[in-house]
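Student: I am new to this structure and should be grateful for a close look at a single part of it. Other parts may follow where they help to complete the picture.

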Amino acid sequence: MNDERPVLPGGAPARLSIDLDAISANIATLNEVSGNAQVLAVVKGDAYGHGLVPAACAALRGGASWLGTAQLAEALALRNAGVTAPLISWLLAPGLDFAAAIRARIDLGAPAVWTLDEIAAAAREVGETARVQLKIDTGLARNGAYGADWPLLVEAAARHTADGSITVTGVFTHLACADEPENPSNAAQQRLFADAVRDCERAGFALEVRHMANSAATLLLPEAHWDLVRPGIATYGLSPAPHIGDSAHFRLVPAMTMTANVTVAKRVPAGQGVSYGHTYVTADETTLIDVPCGYADGIPRSASGRGPVQVAGHRFSVAGRVCMDQFVVDVGDLPVAAGDEVVIFGDGRDGGPTAQDWADAAGTISYEIVTRIGNRLPRAYQGQVA
């Protein structure tokens, strides 16, 4: 099909293209939706596989006021890269270097008394006041102070505030069913969160932010916006509620495109078994192409026989099992040659497959598709990089 062979970054036969302008535009859209609430762009998990620092900078250009990470190392990496925006990290384990976080002016999410005690000890060690946000579990039953542990957390925060080791800058929680806006748990969680906010106010904490809205709540539950919304997957243009609407429905643009180049194209007869276990057998004489990425790169093996690709504007599915480094596609009589491009997923605007299509094929969610992609695939950035 193509006489010219593409120049591949680092010799890689497959790659990601990240549209930073799409990330900025998605944040602008989320700012419109969030009304008076500020937007915190969640950049955990290497910005959902899009690249921590480039994606964070693109989000800030789009109007994000805050950034959020799960792990402290991610937050410190942003500070080391020169990012000065307000920043919170919330998945903390005992023994972390809280002193470094305090010096870097990173807000620390505290779900338990031990967290406050360790943060306060580190603050006294460095001679600075730590910025802390208290996390309450209002029904997700995951991270956060639950039930009777919540008043103990508030009491400990008041004690450490009194001695100047911490200042409580915020209170937050996480919704369990925001992608089901009619689910009664949403209202129940909001009531518990409102009580928690009042507890903090009665304790005298000078709260800067109160927040509970993830991507789905940002788009579907305006009553949960409070001072700050925390979109994650929506930042990168993917729908948090595909059963309600796709990316275009929410005015979002997927920022990641994954492509590869055919390594081998061969004619085979009818009756030829394909890939491990011969779970696919050709019905007629046909052309098989080898696509050089597999489950080591994040292609889900569970999408064997179903994962969609696009070749020369035509849609096909994986033939047989996905392997560690490659998979096979039966393209029939389409004239395909080594070096031709295969679109694994992208924004879908030309009819090509999307990350959601792969999620459907694998029985998972689009979040997993984009975040699981391995680091051996180079990432090329499009749009405003700096």
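In the hairpin of S15 and S16, which residue takes a positive phi?

Tutor: The model is a predicted one, and the description below should be read in that light. The residue in question is Ala 312, whose positive phi is near 50°. The hairpin of S15 and S16 has two residues between the strands. Strand S15 covers residues 308–311, while strand S16 covers residues 314–319. The two strands run antiparallel and are joined by four bridges. Within this pairing, Val 309 has Phe 316 of S16 as its bridge partner.

The side chains of S15 deserve attention next. In a regular strand, side chains alternate between the two faces of the sheet. In S15, Pro 308 and Gln 310 point one way, and Val 309 and Val 311 point the other way. All of these residues are buried.

A second antiparallel pairing is found between S10 and S18, again with four bridges. Strand S10 spans residues 256–261, and its residue Asn 261 has Glu 341 of S18 as bridge partner. Strand S18, residues 341–345, is largely enclosed by the rest of the structure, because four of its five residues are buried.

Another strand, S14, runs over residues 286–291 and contains Thr 286. Thr 286 counts as buried, because its relative accessible area is 3%, and the cut-off for a buried residue is under 20%. Leaving aside neighbours within four places in sequence, its contacts are Lys 266, Arg 267, Val 268, Asp 330, Val 331 and Gly 332. Lys 266 is 20 residues away from Thr 286 in sequence, and the two C-alpha atoms are 8.3 Å apart in space. The side chains of Thr 286 and Asp 330 are joined by a polar contact of 2.5 Å. In addition, a polar atom of the Thr 286 side chain lies 3.2 Å from the backbone nitrogen of Gly 332.

A further threonine, Thr 169, belongs to strand S7, residues 166–172. Thr 169 is buried, with a relative accessible area of 2%. Beyond its neighbours within four places in sequence, the residues in contact with Thr 169 include Asp 107, Arg 131, Ala 206 and Glu 208.

Helix H4, residues 72–80, offers a helical counterpart to these strands, with Leu 72, Glu 74, Ala 75, Leu 76, Leu 78 and Arg 79 as its buried residues. Among the elements that cover the buried residues of H4 are helices H2, H3 and H5, together with strands S3, S4 and S5. Just after H4, Gly 82 takes a positive phi of about 95°.

Aromatic rings complete the account, with four aromatic pairs in the structure. Tyr 48 and Tyr 367 form a tilted pair, 6.4 Å centre to centre, with 40° between the planes. Tyr 48 lies in helix H2 and Tyr 367 in helix H11, so this pair ties together parts that are 319 residues apart in sequence. Tyr 48 is buried at 7% relative accessible area, whereas Tyr 367 counts as partly exposed at 28%. In the pair of Phe 193 and Trp 226, the ring centres are 5.1 Å apart and the planes are at 85°, so the pair is edge-to-face. Phe 193 belongs to helix H8, and Trp 226 to the loop between helix H9 and strand S9. Phe 193 is buried, with a relative accessible area of 0%, while Trp 226 is partly exposed at 31%. Finally, ring pairs link Tyr 48, Tyr 236 and Tyr 367 into a cluster.

Conventions. Residues numbered from 1 in each chain as written. Predicted model: local features only at pLDDT ≥ 70, side-chain atom pairs only at ≥ 80, totals over all residues. Heavy atoms only, no water. Buried < 20%, exposed > 50% of the residue type's maximum accessible area, 1.4 Å probe, protein only. Pairing = 2+ DSSP bridges. Contact = heavy atoms within 4.5 Å. Phe/Tyr/Trp six-rings, centres within 6.5 Å; stacked < 30°, edge-to-face > 60°. Polar contact = N/O pair within 3.5 Å; in protein donor to acceptor, adjacent residues only side chain to side chain.
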